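Trainee: I have a structure open and do not know where to begin. Can we go through it feature by feature?

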Amino acid sequence: LGLMEEMNRFYIAEMKRLGYPGLLTNYDMHQRLMEIPARSELSATAMHVYAGAPTGVRMPLSTPGYQQKNLAYPWVKGKEFRLNRNSFIMPSNWMGRAAMTRIAGKPFLLTEYAQIPYSRFAHEEGLMVGGFAALQGWDLLTPHGNTVKMYYLPASASDFAMDFHPVVRASEAVTALAWQRGDVAEAKHLVDFAVTPEMVNSPDFLNSPGRLYNALAMLAKIGTSYPAPYPKAALTVTPEAFTPVISTEFLAEPAKESGRQKVDLAALVKTMRDNKLLPPKNRTDPKKGIYQSETGELTFDTRNGVLTVITPKLEGAVVKHDQPLKLDALTIRSSSLPASITAASLDGAPLKGSKRILLVHATNAASEGTVYSNEFFDAEIDIGTFPMLIRSAKFAVELETRSAAAPKIYALNFDGTREKELSGRWEKGKLSFELDTATLEFGTVFFEIVY
(Lines give C-alpha, C1' and ligand atoms only; values in the text may rest on other atoms or scores of the structure.)
Protein backbone atom coordinates (compact mmCIF):
# COMPACT_ATOMS: atom_id res chain seq x y z
CA LEU A 1 0.00 0.00 0.00
CA GLY A 2 2.76 2.40 0.92
CA LEU A 3 4.59 1.68 -2.33
CA MET A 4 1.60 2.81 -4.43
CA GLU A 5 1.31 6.05 -2.47
CA GLU A 6 5.07 6.66 -2.69
CA MET A 7 5.08 6.08 -6.45
CA ASN A 8 2.18 8.50 -6.95
CA ARG A 9 3.89 11.19 -4.90
CA PHE A 10 7.05 10.79 -6.97
CA TYR A 11 5.15 11.24 -10.24
CA ILE A 12 3.14 14.18 -8.92
CA ALA A 13 6.28 15.92 -7.71
CA GLU A 14 8.05 15.36 -11.04
CA MET A 15 5.13 16.75 -13.06
CA LYS A 16 5.01 19.83 -10.85
CA ARG A 17 8.77 20.24 -11.20
CA LEU A 18 8.34 20.20 -14.98
CA GLY A 19 5.75 22.95 -14.73
CA TYR A 20 2.69 20.92 -15.71
CA PRO A 21 -0.40 22.80 -14.40
CA GLY A 22 -3.20 20.37 -15.33
CA LEU A 23 -4.98 17.38 -13.87
CA LEU A 24 -2.99 14.35 -12.82
CA THR A 25 -4.18 10.78 -12.60
CA ASN A 26 -2.51 7.40 -12.72
CA TYR A 27 -3.73 4.21 -14.39
CA ASP A 28 -7.42 3.46 -13.88
CA MET A 29 -6.97 1.40 -10.76
CA HIS A 30 -9.32 -1.32 -9.53
CA GLN A 31 -12.25 -1.02 -7.12
CA ARG A 32 -10.59 -2.46 -4.01
CA LEU A 33 -10.01 -0.67 -0.72
CA MET A 34 -6.25 -0.95 -1.14
CA GLU A 35 -6.26 1.40 -4.17
CA ILE A 36 -8.26 4.18 -2.49
CA PRO A 37 -5.39 5.85 -0.54
CA ALA A 38 -3.26 6.24 -3.68
CA ARG A 39 -6.24 7.34 -5.77
CA SER A 40 -7.25 9.95 -3.18
CA GLU A 41 -4.00 11.92 -3.68
CA LEU A 42 -4.52 12.38 -7.42
CA SER A 43 -6.29 15.44 -8.81
CA ALA A 44 -8.69 13.34 -10.92
CA THR A 45 -10.03 9.78 -10.90
CA ALA A 46 -9.71 7.55 -13.97
CA MET A 47 -11.52 4.24 -14.26
CA HIS A 48 -12.58 1.70 -16.87
CA VAL A 49 -15.46 -0.75 -16.77
CA TYR A 50 -17.11 -3.26 -19.10
CA ALA A 51 -20.29 -5.32 -19.10
CA GLY A 52 -21.43 -8.37 -21.00
CA ALA A 53 -18.09 -10.03 -21.70
CA PRO A 54 -18.25 -13.70 -22.73
CA THR A 55 -18.64 -16.05 -19.78
CA GLY A 56 -16.55 -18.66 -21.59
CA VAL A 57 -13.96 -18.21 -24.35
CA ARG A 58 -12.98 -20.98 -26.78
CA MET A 59 -15.04 -23.52 -24.88
CA PRO A 60 -15.74 -26.98 -26.35
CA LEU A 61 -18.52 -26.86 -28.93
CA SER A 62 -21.78 -27.70 -27.13
CA THR A 63 -24.09 -28.16 -30.15
CA PRO A 64 -24.03 -31.85 -31.20
CA GLY A 65 -23.68 -32.49 -34.92
CA TYR A 66 -23.07 -28.87 -35.95
CA GLN A 67 -20.41 -28.54 -38.68
CA GLN A 68 -18.62 -25.22 -38.39
CA LYS A 69 -17.96 -23.22 -41.55
CA ASN A 70 -15.05 -21.36 -39.95
CA LEU A 71 -15.38 -18.31 -42.21
CA ALA A 72 -12.93 -16.55 -39.89
CA TYR A 73 -10.58 -17.42 -37.04
CA PRO A 74 -9.68 -20.98 -38.06
CA TRP A 75 -7.83 -21.35 -34.75
CA VAL A 76 -11.17 -21.59 -32.90
CA LYS A 77 -12.31 -24.66 -34.82
CA GLY A 78 -14.36 -26.89 -32.55
CA LYS A 79 -14.72 -24.07 -30.00
CA GLU A 80 -17.44 -21.58 -29.07
CA PHE A 81 -17.83 -18.29 -27.22
CA ARG A 82 -20.42 -18.47 -24.44
CA LEU A 83 -22.13 -15.13 -24.09
CA ASN A 84 -23.68 -13.24 -21.22
CA ARG A 85 -27.46 -13.27 -21.67
CA ASN A 86 -28.29 -10.99 -18.73
CA SER A 87 -29.67 -7.49 -18.69
CA PHE A 88 -27.38 -5.08 -16.86
CA ILE A 89 -30.20 -2.92 -15.57
CA MET A 90 -29.79 -4.27 -12.05
CA PRO A 91 -29.20 -2.85 -8.54
CA SER A 92 -25.47 -3.53 -8.68
CA ASN A 93 -24.59 -2.53 -12.23
CA TRP A 94 -21.43 -1.72 -14.14
CA MET A 95 -21.97 2.05 -14.18
CA GLY A 96 -22.58 2.09 -10.45
CA ARG A 97 -19.32 0.21 -9.88
CA ALA A 98 -17.47 2.92 -11.78
CA ALA A 99 -19.28 5.69 -9.90
CA MET A 100 -18.23 4.29 -6.53
CA THR A 101 -14.53 4.71 -7.40
CA ARG A 102 -14.75 8.47 -7.84
CA ILE A 103 -12.99 10.46 -5.16
CA ALA A 104 -15.73 12.83 -4.03
CA GLY A 105 -15.28 16.38 -5.26
CA LYS A 106 -12.73 15.55 -7.97
CA PRO A 107 -13.09 15.19 -11.76
CA PHE A 108 -13.98 11.71 -13.01
CA LEU A 109 -12.69 10.24 -16.27
CA LEU A 110 -14.15 7.01 -17.65
CA THR A 111 -11.22 6.17 -19.90
CA GLU A 112 -12.61 2.89 -21.30
CA TYR A 113 -16.08 1.43 -21.38
CA ALA A 114 -18.34 -0.84 -23.42
CA GLN A 115 -21.33 -3.07 -23.01
CA ILE A 116 -19.93 -5.86 -25.18
CA PRO A 117 -21.89 -5.61 -28.46
CA TYR A 118 -22.54 -9.34 -28.82
CA SER A 119 -24.31 -9.64 -25.50
CA ARG A 120 -28.04 -9.95 -26.12
CA PHE A 121 -28.89 -6.62 -24.52
CA ALA A 122 -26.03 -4.49 -25.84
CA HIS A 123 -28.60 -1.88 -26.91
CA GLU A 124 -28.91 -0.86 -23.22
CA GLU A 125 -25.61 1.00 -23.39
CA GLY A 126 -26.68 4.35 -24.87
CA LEU A 127 -29.33 5.32 -22.33
CA MET A 128 -27.47 3.56 -19.51
CA VAL A 129 -24.09 5.26 -20.03
CA GLY A 130 -25.50 8.59 -21.15
CA GLY A 131 -27.95 8.69 -18.26
CA PHE A 132 -25.43 7.69 -15.59
CA ALA A 133 -22.64 9.96 -16.87
CA ALA A 134 -24.96 12.97 -16.93
CA LEU A 135 -26.57 12.26 -13.55
CA GLN A 136 -23.15 11.75 -11.95
CA GLY A 137 -21.63 14.82 -13.62
CA TRP A 138 -18.73 12.87 -15.11
CA ASP A 139 -16.12 14.81 -17.03
CA LEU A 140 -14.87 12.39 -19.72
CA LEU A 141 -16.16 9.34 -21.57
CA THR A 142 -13.91 7.30 -23.86
CA PRO A 143 -15.76 4.40 -25.46
CA HIS A 144 -13.72 1.37 -26.44
CA GLY A 145 -13.48 1.31 -30.23
CA ASN A 146 -11.36 -0.66 -32.67
CA THR A 147 -11.05 2.12 -35.25
CA VAL A 148 -8.02 0.76 -37.13
CA LYS A 149 -7.37 -2.83 -38.20
CA MET A 150 -3.94 -4.07 -39.25
CA TYR A 151 -5.56 -6.82 -41.31
CA TYR A 152 -9.00 -8.04 -42.35
CA LEU A 153 -10.68 -9.05 -39.12
CA PRO A 154 -14.42 -9.60 -38.74
CA ALA A 155 -16.18 -8.94 -35.48
CA SER A 156 -16.33 -11.71 -32.92
CA ALA A 157 -17.87 -12.24 -29.52
CA SER A 158 -14.51 -11.57 -27.87
CA ASP A 159 -14.31 -8.02 -29.28
CA PHE A 160 -15.03 -5.43 -26.61
CA ALA A 161 -16.47 -2.99 -29.16
CA MET A 162 -15.87 -1.66 -32.64
CA ASP A 163 -16.91 1.48 -34.44
CA PHE A 164 -18.47 -0.37 -37.37
CA HIS A 165 -20.94 -2.20 -35.13
CA PRO A 166 -24.40 -0.62 -35.71
CA VAL A 167 -25.59 -0.99 -32.11
CA VAL A 168 -22.41 0.68 -30.87
CA ARG A 169 -23.08 3.56 -33.29
CA ALA A 170 -26.63 3.88 -31.98
CA SER A 171 -25.45 3.86 -28.36
CA GLU A 172 -22.79 6.50 -28.94
CA ALA A 173 -25.31 8.84 -30.60
CA VAL A 174 -27.69 8.52 -27.65
CA THR A 175 -24.86 8.97 -25.13
CA ALA A 176 -23.68 12.11 -26.93
CA LEU A 177 -27.14 13.65 -26.66
CA ALA A 178 -27.90 12.54 -23.10
CA TRP A 179 -24.50 13.38 -21.58
CA GLN A 180 -22.38 15.52 -23.90
CA ARG A 181 -25.20 17.81 -25.04
CA GLY A 182 -26.55 17.83 -21.49
CA ASP A 183 -30.09 16.59 -22.11
CA VAL A 184 -30.07 14.58 -18.86
CA ALA A 185 -29.67 16.75 -15.75
CA GLU A 186 -26.89 16.37 -13.19
CA ALA A 187 -27.93 15.39 -9.66
CA LYS A 188 -27.73 18.11 -7.02
CA HIS A 189 -26.74 15.86 -4.14
CA LEU A 190 -23.72 13.63 -3.51
CA VAL A 191 -23.58 10.62 -1.20
CA ASP A 192 -20.08 10.11 0.18
CA PHE A 193 -18.88 6.66 1.23
CA ALA A 194 -16.26 7.56 3.81
CA VAL A 195 -13.39 5.06 3.81
CA THR A 196 -11.03 5.15 6.79
CA PRO A 197 -7.42 4.02 7.27
CA GLU A 198 -8.74 1.34 9.62
CA MET A 199 -10.79 -0.18 6.78
CA VAL A 200 -7.87 -0.08 4.35
CA ASN A 201 -5.58 -1.80 6.84
CA SER A 202 -8.13 -4.45 7.81
CA PRO A 203 -8.49 -7.99 6.41
CA ASP A 204 -10.93 -6.42 3.87
CA PHE A 205 -8.17 -4.47 2.09
CA LEU A 206 -8.50 -6.68 -1.02
CA ASN A 207 -12.29 -6.23 -1.03
CA SER A 208 -14.43 -3.40 -2.33
CA PRO A 209 -17.25 -1.58 -0.53
CA GLY A 210 -20.36 -3.79 -0.70
CA ARG A 211 -21.56 -3.95 -4.29
CA LEU A 212 -25.15 -2.97 -3.51
CA TYR A 213 -23.96 0.43 -2.28
CA ASN A 214 -23.54 1.13 -6.01
CA ALA A 215 -27.32 1.15 -6.42
CA LEU A 216 -27.42 4.66 -4.95
CA ALA A 217 -25.75 5.87 -8.17
CA MET A 218 -29.16 5.47 -9.83
CA LEU A 219 -30.55 8.05 -7.37
CA ALA A 220 -27.86 10.67 -6.82
CA LYS A 221 -24.15 11.31 -7.29
CA ILE A 222 -21.90 8.99 -5.30
CA GLY A 223 -18.20 8.78 -4.52
CA THR A 224 -15.69 7.78 -1.88
CA SER A 225 -13.50 9.84 0.43
CA TYR A 226 -10.25 9.11 2.24
CA PRO A 227 -8.93 9.53 4.90
CA ALA A 228 -11.62 12.01 6.06
CA PRO A 229 -15.22 12.48 4.88
CA TYR A 230 -15.93 14.91 2.01
CA PRO A 231 -17.23 18.07 3.71
CA LYS A 232 -19.61 19.11 0.90
CA ALA A 233 -21.47 15.77 0.73
CA ALA A 234 -25.23 15.88 1.24
CA LEU A 235 -24.99 12.55 3.05
CA THR A 236 -22.04 10.61 4.47
CA VAL A 237 -22.25 6.83 4.71
CA THR A 238 -19.72 4.69 6.60
CA PRO A 239 -19.37 1.40 4.70
CA GLU A 240 -20.03 -1.62 6.89
CA ALA A 241 -20.26 -4.29 4.18
CA PHE A 242 -17.36 -5.32 1.94
CA THR A 243 -17.38 -7.61 -1.09
CA PRO A 244 -14.54 -9.76 -2.46
CA VAL A 245 -13.36 -8.77 -5.94
CA ILE A 246 -13.27 -11.81 -8.20
CA SER A 247 -11.59 -12.38 -11.56
CA THR A 248 -13.76 -13.59 -14.45
CA GLU A 249 -12.70 -14.57 -17.99
CA PHE A 250 -12.07 -10.93 -18.92
CA LEU A 251 -12.90 -8.72 -15.94
CA ALA A 252 -12.52 -8.13 -12.23
CA GLU A 253 -15.77 -7.35 -10.45
CA PRO A 254 -17.35 -7.60 -6.99
CA ALA A 255 -18.78 -10.96 -6.00
CA LYS A 256 -22.37 -11.42 -4.88
CA GLU A 257 -23.17 -10.56 -1.28
CA SER A 258 -23.58 -13.10 1.49
CA GLY A 259 -23.70 -12.89 5.26
CA ARG A 260 -21.93 -9.82 6.60
CA GLN A 261 -21.54 -8.45 3.06
CA LYS A 262 -25.26 -7.66 2.88
CA VAL A 263 -26.23 -4.04 2.25
CA ASP A 264 -29.60 -2.79 3.54
CA LEU A 265 -30.72 -0.72 0.55
CA ALA A 266 -34.14 0.02 2.01
CA ALA A 267 -32.52 1.60 5.08
CA LEU A 268 -30.16 3.67 2.93
CA VAL A 269 -33.03 4.94 0.77
CA LYS A 270 -34.99 5.86 3.91
CA THR A 271 -31.97 7.82 5.14
CA MET A 272 -31.83 9.67 1.81
CA ARG A 273 -35.53 10.51 2.12
CA ASP A 274 -35.14 11.62 5.74
CA ASN A 275 -32.31 13.94 4.67
CA LYS A 276 -34.38 15.38 1.78
CA LEU A 277 -32.11 14.01 -0.97
CA LEU A 278 -35.15 12.48 -2.66
CA PRO A 279 -38.35 14.47 -3.30
CA PRO A 280 -41.62 13.24 -1.74
CA LYS A 281 -43.00 11.78 -4.98
CA ASN A 282 -39.81 9.91 -5.90
CA ARG A 283 -40.78 6.34 -6.88
CA THR A 284 -37.74 4.50 -5.50
CA ASP A 285 -38.67 1.25 -3.75
CA PRO A 286 -35.84 -1.31 -3.45
CA LYS A 287 -38.31 -4.04 -2.44
CA LYS A 288 -40.01 -3.65 -5.82
CA GLY A 289 -36.74 -3.19 -7.72
CA ILE A 290 -37.62 0.43 -8.65
CA TYR A 291 -34.96 3.14 -8.52
CA GLN A 292 -35.64 6.70 -9.66
CA SER A 293 -33.09 9.49 -9.83
CA GLU A 294 -33.55 12.50 -7.57
CA THR A 295 -34.17 14.52 -10.74
CA GLY A 296 -37.07 12.25 -11.72
CA GLU A 297 -35.63 11.86 -15.24
CA LEU A 298 -34.24 8.31 -14.92
CA THR A 299 -36.27 5.35 -13.69
CA PHE A 300 -34.82 1.84 -13.44
CA ASP A 301 -37.09 -1.19 -13.13
CA THR A 302 -34.43 -3.73 -12.19
CA ARG A 303 -36.82 -6.69 -11.96
CA ASN A 304 -37.89 -6.31 -15.58
CA GLY A 305 -34.71 -4.81 -17.05
CA VAL A 306 -36.50 -1.62 -18.10
CA LEU A 307 -34.97 1.86 -18.08
CA THR A 308 -36.90 5.02 -18.94
CA VAL A 309 -35.43 8.47 -19.55
CA ILE A 310 -37.73 11.51 -19.73
CA THR A 311 -36.21 14.95 -20.26
CA PRO A 312 -37.40 18.07 -22.12
CA LYS A 313 -35.30 17.33 -25.24
CA LEU A 314 -34.82 13.55 -25.10
CA GLU A 315 -37.03 10.63 -24.18
CA GLY A 316 -36.26 6.96 -24.46
CA ALA A 317 -36.62 3.53 -22.97
CA VAL A 318 -34.95 0.15 -22.87
CA VAL A 319 -37.78 -2.37 -23.16
CA LYS A 320 -37.82 -6.13 -22.75
CA HIS A 321 -41.46 -6.99 -23.38
CA ASP A 322 -43.95 -6.25 -26.16
CA GLN A 323 -46.27 -3.98 -24.22
CA PRO A 324 -47.14 -0.25 -24.33
CA LEU A 325 -44.97 2.17 -22.38
CA LYS A 326 -46.00 5.83 -22.02
CA LEU A 327 -43.24 8.36 -21.37
CA ASP A 328 -44.21 12.00 -21.98
CA ALA A 329 -44.13 13.10 -25.62
CA LEU A 330 -43.07 9.58 -26.65
CA THR A 331 -45.16 6.44 -26.29
CA ILE A 332 -43.78 3.05 -27.27
CA ARG A 333 -46.80 1.11 -28.47
CA SER A 334 -45.06 -2.15 -29.25
CA SER A 335 -41.67 -3.77 -29.75
CA SER A 336 -41.38 -7.34 -31.03
CA LEU A 337 -37.89 -7.71 -29.57
CA PRO A 338 -36.00 -6.29 -26.60
CA ALA A 339 -34.75 -2.93 -27.80
CA SER A 340 -33.75 0.62 -26.98
CA ILE A 341 -35.98 3.31 -28.51
CA THR A 342 -35.07 6.98 -28.15
CA ALA A 343 -36.45 10.23 -29.58
CA ALA A 344 -34.36 13.40 -29.35
CA SER A 345 -34.82 16.97 -30.52
CA LEU A 346 -32.14 18.08 -33.00
CA ASP A 347 -32.97 21.79 -33.17
CA GLY A 348 -32.60 22.70 -29.50
CA ALA A 349 -36.34 22.96 -28.89
CA PRO A 350 -38.19 20.78 -26.38
CA LEU A 351 -39.24 17.47 -27.91
CA LYS A 352 -42.92 18.41 -28.22
CA GLY A 353 -42.01 21.62 -30.05
CA SER A 354 -39.12 20.31 -32.13
CA LYS A 355 -39.25 20.58 -35.92
CA ARG A 356 -36.49 17.98 -36.40
CA ILE A 357 -36.28 14.79 -34.33
CA LEU A 358 -33.87 11.86 -34.36
CA LEU A 359 -35.47 8.49 -33.63
CA VAL A 360 -33.04 5.71 -32.65
CA HIS A 361 -34.15 2.07 -32.64
CA ALA A 362 -31.52 -0.50 -31.61
CA THR A 363 -31.88 -4.27 -31.14
CA ASN A 364 -28.64 -6.21 -31.65
CA ALA A 365 -26.41 -7.17 -34.56
CA ALA A 366 -23.98 -9.80 -35.80
CA SER A 367 -21.61 -10.50 -38.66
CA GLU A 368 -22.89 -12.21 -41.82
CA GLY A 369 -22.71 -15.98 -41.38
CA THR A 370 -22.54 -15.90 -37.59
CA VAL A 371 -24.33 -18.84 -35.96
CA TYR A 372 -25.65 -18.85 -32.41
CA SER A 373 -26.72 -21.81 -30.31
CA ASN A 374 -30.26 -20.43 -29.88
CA GLU A 375 -32.43 -17.33 -30.24
CA PHE A 376 -31.16 -16.01 -26.90
CA PHE A 377 -27.56 -15.72 -28.21
CA ASP A 378 -26.28 -18.01 -25.44
CA ALA A 379 -23.21 -19.07 -27.43
CA GLU A 380 -21.57 -18.04 -30.69
CA ILE A 381 -20.74 -21.37 -32.31
CA ASP A 382 -19.55 -20.03 -35.67
CA ILE A 383 -17.92 -16.65 -36.26
CA GLY A 384 -19.13 -14.87 -39.38
CA THR A 385 -17.60 -12.27 -41.61
CA PHE A 386 -18.55 -8.89 -43.08
CA PRO A 387 -20.99 -7.21 -43.57
CA MET A 388 -22.71 -6.49 -40.26
CA LEU A 389 -26.39 -7.46 -40.02
CA ILE A 390 -28.91 -5.71 -37.76
CA ARG A 391 -31.53 -7.92 -36.17
CA SER A 392 -34.86 -6.85 -37.65
CA ALA A 393 -37.90 -6.15 -35.50
CA LYS A 394 -41.35 -4.64 -35.60
CA PHE A 395 -41.97 -1.57 -33.46
CA ALA A 396 -44.58 1.16 -33.15
CA VAL A 397 -44.31 4.57 -31.50
CA GLU A 398 -46.38 7.70 -31.04
CA LEU A 399 -45.02 11.23 -30.73
CA GLU A 400 -47.02 14.17 -29.45
CA THR A 401 -46.20 17.53 -31.03
CA ARG A 402 -47.38 21.13 -31.12
CA SER A 403 -46.81 21.25 -34.86
CA ALA A 404 -49.89 21.86 -36.98
CA ALA A 405 -48.57 20.03 -40.04
CA ALA A 406 -47.80 16.38 -40.73
CA PRO A 407 -44.09 15.51 -40.79
CA LYS A 408 -41.90 13.66 -43.24
CA ILE A 409 -40.10 10.54 -41.95
CA TYR A 410 -36.82 9.21 -43.32
CA ALA A 411 -34.69 6.14 -42.76
CA LEU A 412 -31.11 7.40 -42.50
CA ASN A 413 -27.82 5.95 -43.63
CA PHE A 414 -25.06 5.76 -41.05
CA ASP A 415 -23.49 8.93 -42.46
CA GLY A 416 -26.71 10.83 -41.74
CA THR A 417 -27.92 11.05 -45.34
CA ARG A 418 -31.52 10.18 -46.11
CA GLU A 419 -31.95 6.72 -47.61
CA LYS A 420 -35.72 6.35 -47.91
CA GLU A 421 -38.89 8.26 -47.08
CA LEU A 422 -41.31 6.34 -44.86
CA SER A 423 -44.94 6.87 -43.97
CA GLY A 424 -46.80 7.39 -40.72
CA ARG A 425 -50.25 8.45 -39.53
CA TRP A 426 -50.90 12.02 -38.45
CA GLU A 427 -53.91 13.12 -36.41
CA LYS A 428 -54.51 16.07 -34.09
CA GLY A 429 -50.94 16.71 -32.99
CA LYS A 430 -49.94 13.07 -32.73
CA LEU A 431 -47.69 11.10 -35.08
CA SER A 432 -48.12 7.32 -35.17
CA PHE A 433 -45.24 5.45 -36.77
CA GLU A 434 -44.80 1.72 -37.07
CA LEU A 435 -42.22 -0.23 -39.01
CA ASP A 436 -41.02 -3.73 -39.69
CA THR A 437 -37.29 -3.07 -40.20
CA ALA A 438 -37.03 -6.27 -42.28
CA THR A 439 -38.77 -4.33 -45.08
CA LEU A 440 -35.86 -1.89 -45.41
CA GLU A 441 -33.34 -2.56 -48.18
CA PHE A 442 -30.49 -1.39 -45.96
CA GLY A 443 -30.42 -1.89 -42.22
CA THR A 444 -30.34 1.19 -40.01
CA VAL A 445 -30.88 2.30 -36.42
CA PHE A 446 -31.49 5.97 -37.27
CA PHE A 447 -34.67 7.72 -38.44
CA GLU A 448 -35.37 11.41 -38.97
CA ILE A 449 -38.73 13.13 -38.39
CA VAL A 450 -39.03 16.58 -39.99
CA TYR A 451 -42.04 18.89 -39.48
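The dialogue below takes cores, sheets and single residues in turn.

Mentor: Start with a caution. This is a predicted model.

Trainee: Noted. Let me begin with the inside. Which residues touch the most other members of the largest nonpolar core?

Mentor: The general idea first. In soluble globular proteins, nonpolar side chains tend to be buried together. Here the largest nonpolar core has 65 residues, and Leu110 and Trp138 touch the most other members. Helix α4, residues 125–136, gives the largest share of this core, with 7 residues. Apart from this core lies another one, of 24 residues, among them Val319, Leu330, Phe433 and Leu435.

Trainee: What is Trp138 in contact with, leaving aside its neighbours within four places in sequence?

Mentor: Find Trp138 and look around it. Its contacts are Met95, Ala98, Ala99, Arg102, Phe108, Leu110, Ala133 and Trp179, with neighbours within four places in sequence set aside.

Trainee: Now sheets. In what order do the strands of the sheet with β1 stand?

Mentor: Read a sheet from side to side, not along the chain. This open sheet has 3 strands in the order β1-β4-β5, and the pairing is parallel. Its edges are β1 (45–51) and β5 (140–143); each has a single partner strand, so one side of each is left without a neighbour in the sheet. On average, neighbouring strands here are turned by 20° against each other, direction ignored.

Trainee: How many bridges join β4 to β5?

Mentor: There are 3 bridges between β4, residues 108–115, and β5. Take one pair: Leu109 has Leu140 in β5 as its bridge partner. Then add the helix. α4 lies across β4 and β5, and runs at about 165° to β4.

Trainee: Which strands stand at the edges of the sheet with β7, β10 and β11?

Mentor: That open sheet has 3 strands in the order β7-β10-β11, with antiparallel pairing. At the edges stand β7 (207–209) and β11 (252–254), each with a single partner strand, so one side of each lacks a neighbour in the sheet. Neighbouring strands are turned by 40° against each other on average, direction ignored. Between β7 and β10 (residues 242–247) there are 3 bridges. Pro209 stands opposite Phe242 in β10.

Trainee: What do β16 and β17 form?

Mentor: They form a hairpin, with 3 residues between them. β16 covers residues 325–326 and β17 covers 330–335; they pair in the antiparallel sense over 2 bridges. Leu325 stands opposite Ile332 in β17. Now follow Ile332 further: it also stands opposite Val397 in β24. β17 and β24 pair in the antiparallel sense over 5 bridges.

Trainee: Where is Ser392, next to β24?

Mentor: Ser392 is in the loop between β23 (385–390) and β24 (394–400). Its relative accessible area is 35%, so Ser392 is partly exposed. Beyond four places in sequence, it touches Leu337, Thr437 and Ala438. For scale, take Ala228: it is 164 residues from Ser392 in sequence and 53 Å away in space, C-alpha to C-alpha.

Trainee: Is Asp183 buried or exposed?

Mentor: Check the number against the cut-off. Buried means under 20% relative accessible area. Asp183 has 8%, so it counts as buried. Asp183 sits in the loop between α5 (166–180) and β6 (190–194). Not counting residues up to four places away in sequence, Asp183 touches Leu177, Ala178, Glu297, Thr311, Lys313 and Leu314.

How values were computed. Residues numbered from 1 in each chain as written. Predicted model: local features only at pLDDT ≥ 70, side-chain atom pairs only at ≥ 80, totals over all residues. Heavy atoms only, no water. Helix = DSSP H or I, 4+ residues; strand = E, 2+ residues; numbered from the N terminus. Buried < 20%, exposed > 50% of the residue type's maximum accessible area, 1.4 Å probe, protein only. Contact = heavy atoms within 4.5 Å. Core = buried A, V, L, I, M, F, W, Y, C linked by side-chain atoms within 4.5 Å. Pairing = 2+ DSSP bridges. Axes fitted to C-alpha atoms, helices over the stretch in contact; angles between N-to-C directions.
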